[in-house]
Amino acid sequence: MNTAATGAIVDDRPTPILRRPFFWIMALVIAAFVAAPLIGDNVELRESLLLAAVYITLASNLNLMLGYAGYINFGSIVFFGLGGYISVYLISALNWPLAAAELAAGIAVSLLALVFGLGILRLRGAFFALATSGINEGVQAFVANFEPWGGSAGLYLPTTIFAPLGGPMRALWVIYFLLVAVMGASLYLSYAVKTSKFGLGLMAIGQNEDAAVVLGVPAPLYKALAYSLSAFLPALAGGLYFFKSAFIQPADAFDLGLSTEAMVIVMLGGRGTITGAAIGAYLYEELRGFLLTSQTFSNFQLVVSGVLLLVIVLFVPGGLMGWIYGRWPRMKQVLE
Amino acid sequence: MLGIIALIIDGVLIGSVYGLAAMGLTLIWGVMNVVNLTHGAAIVAGMFALYLLTSGLGIAPYAALPLILVGGFFVGVGLYWIAVHRMIGRPPLMILLSTFSVNLVVIGLGTAVWGTGLFNVQVSLPGITWQRYTFSGTHILAAVLTAVIAGSLYLFLYHTRLGKAVRAVANNREAAELSGIPTTRVLSLSFGLGVALAGAAGMLIATMFPFTVLAGDAYQLKSFVVTALGGLGNPAGALLGGVALGLVEGFAAQFMPVSWTLVIEFVLFVVVLIIFPRGVFAFTRT
């Protein structure tokens, strides 16, 4: 970016992380998520924010692929579902504590994503996108036929599972705060990647992969790493989400609708922006709440997602943040 | 031994219809370099068009084919202007997203209207019995009609002026434009043709197997596998690739549950793309 010409920034040294406004904006958002439902013990608000936190986690991590590297991942929900399955299995069958099960699920899913990613890393553009949806189909077929995980019937957790967290009522709060932590980690991960050399390489791949390769970006490796990195936190979110519902089955865990919604969110907020993914997720969650309660629209949720995505792609490809940057260019220095 | 021959014959019959579906995909891909993710939706639309025409209007199943071809063509031209035209020249990611969103709208409407249950079109057609094996009449007629449609497509592409224009645009759009070919019209025509072929394939599949609103994804995947096998933008390769896929499916079904078919196809897709990036049957190119 040639900011020297406009005279805005001449000093090229990076600002220390604690003096960057965006660092504190993210901290404020997380603090708001923690504090808002605590005021007046608002359970309804907590449930709505919990869903928003899941959406933000999925969208931010999808953004690493879709926004930074310009690669569509149709199967981002695989990470969420597999994370859920692994941790529910470890808790129910092997009696692991929640924290250990979560960590194991996150690491296992990331490693698996790295293996898959290295397998399909040579594919580009549309082929990569199709292969990712194949991974979704493949994993789903595997889980539906895998007896230890209950096949298509799924796995249940006994109600006593919440006892170590202080009973069901307290456990729901604990899970909520953990999910907010995962969401916060997603935001900071997006930020860290965006400001790193790795992120620069991903952005270069997104702009022009051939040129990036010529300039020395190891594109296949970077894509596989981004794919694997974008798996970790959604796997944790999936583990917590299905621990909360104490029940998991293939149709819920690998709901392609959620993958689609994550894509709509990223495009709605603005591809490649962290603020966009967060605001998009919040807006979409609100819209979805309205659609589900509206009699006319509850059957047409998929149609609404589709029309929304089409309108964004056709007319506002930069999304919300693209529009904001266009109106107020100075925002580029504050919001990432 | 006889069983294997019977398996091969049926695999070829079904596979040729997969080839027809893939021809629609590969035509669009080859001419305008667009990966059409509405392909699965077009196949499902063909299936439900057959269902509506036969059960609603009482039209004979195979009389619906020309109607579906013509209807599919016009829907395809419309789709081109709505979702594709503005995207030409933009990053490929955007075309994937725009066609994907149209796919969502179609599948969403279908789910809202028909739900996700199984549908079935009754076609009574005598089969041909050979030794202990009976080849279903619908499979044979589907393969014959596929051959007719593929032959007509060949005649159109190689023996008409308009077909020549389509091939010219596929080769080099700028050069075609400079030679006075209205490329935008050719692009919309090709998209219409591609959707019409997908719809016709869907209709033929519906005469053979039961179907659901959500079946499109699986058949779209098959088309992509076939395209990978046959090489991009290569209708003749698509037909061969389709037959190859039909055979693979027939044999795979002998050894493992049907729910694994999709997984095998995906593995095949990735392996073929990595080992033969130009396609296995890519010896000819339009």
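**Exercise 1. What percentage of the 336 residues of chain A count as buried?**

Let's start gently, keeping in mind that this is a predicted model.

Step 1: Look at the parts of chain A, which has 14 helices and 2 strands.

Step 2: Check the overall form. The radius of gyration of chain A is 20 Å, close to the 20 Å that the globule rule gives for 336 residues, so chain A is as compact as a globular protein of that length.

Step 3: Now the result: 48% of the residues of chain A count as buried.

**Exercise 2. Describe how helices α6 and α9 of chain A pack.**

Step 1: Find the helices. In chain A, α6 covers residues 167–194 and α9 covers residues 219–245.

Step 2: Read the geometry. Their axes lie 10 Å apart, at an angle of about 165°. Angles over 145 degrees count as roughly antiparallel, and therefore α6(A) is roughly antiparallel to α9(A). The crossing of the two helices is left-handed.

Step 3: See who meets whom. Residues of α6(A), including A:Leu172, A:Ile175 and A:Ser186, meet residues of α9(A), among them A:Leu233, A:Phe243 and A:Lys244. Sorted by class, this contact has 12 nonpolar, 1 polar and 1 charged residues.

**Exercise 3. Which helix supplies the largest share of the side of chain B that touches chain A?**

Step 1: Set the scene: 30 residues from chain B and 32 residues from chain A take part in the contact.

Step 2: List candidates. In chain B, α4 (92–114) and α11 (261–275) each supply at least two residues of this side.

Step 3: Pick the helix: α4(B) gives the largest share, 15 residues.

Step 4: Finish with the classes. This side of chain B divides into 24 nonpolar, 5 polar and 1 charged residues.

Technical notes: Residues numbered from 1 in each chain as written. Chains lettered and ligands numbered in written order. Predicted model: local features only at pLDDT ≥ 70, side-chain atom pairs only at ≥ 80, totals over all residues. Contact = placed C-beta atoms within 7 Å. Helix = DSSP H or I, 4+ residues; strand = E, 2+ residues; numbered from the N terminus. Nonpolar A, V, L, I, M, F, W, Y, C, P; charged D, E, K, R; others polar. Axes fitted to C-alpha atoms, helices over the stretch in contact; angles between N-to-C directions. Parallel < 35°, antiparallel > 145°, perpendicular 65-115°, else oblique. Left-handed = near helix turned anticlockwise from the far one by under 90°. Rg over C-alpha atoms; globule rule 2.2 N^0.38 Å. Buried ≥ 20, exposed ≤ 12 C-beta atoms within 10 Å, placed from the backbone.
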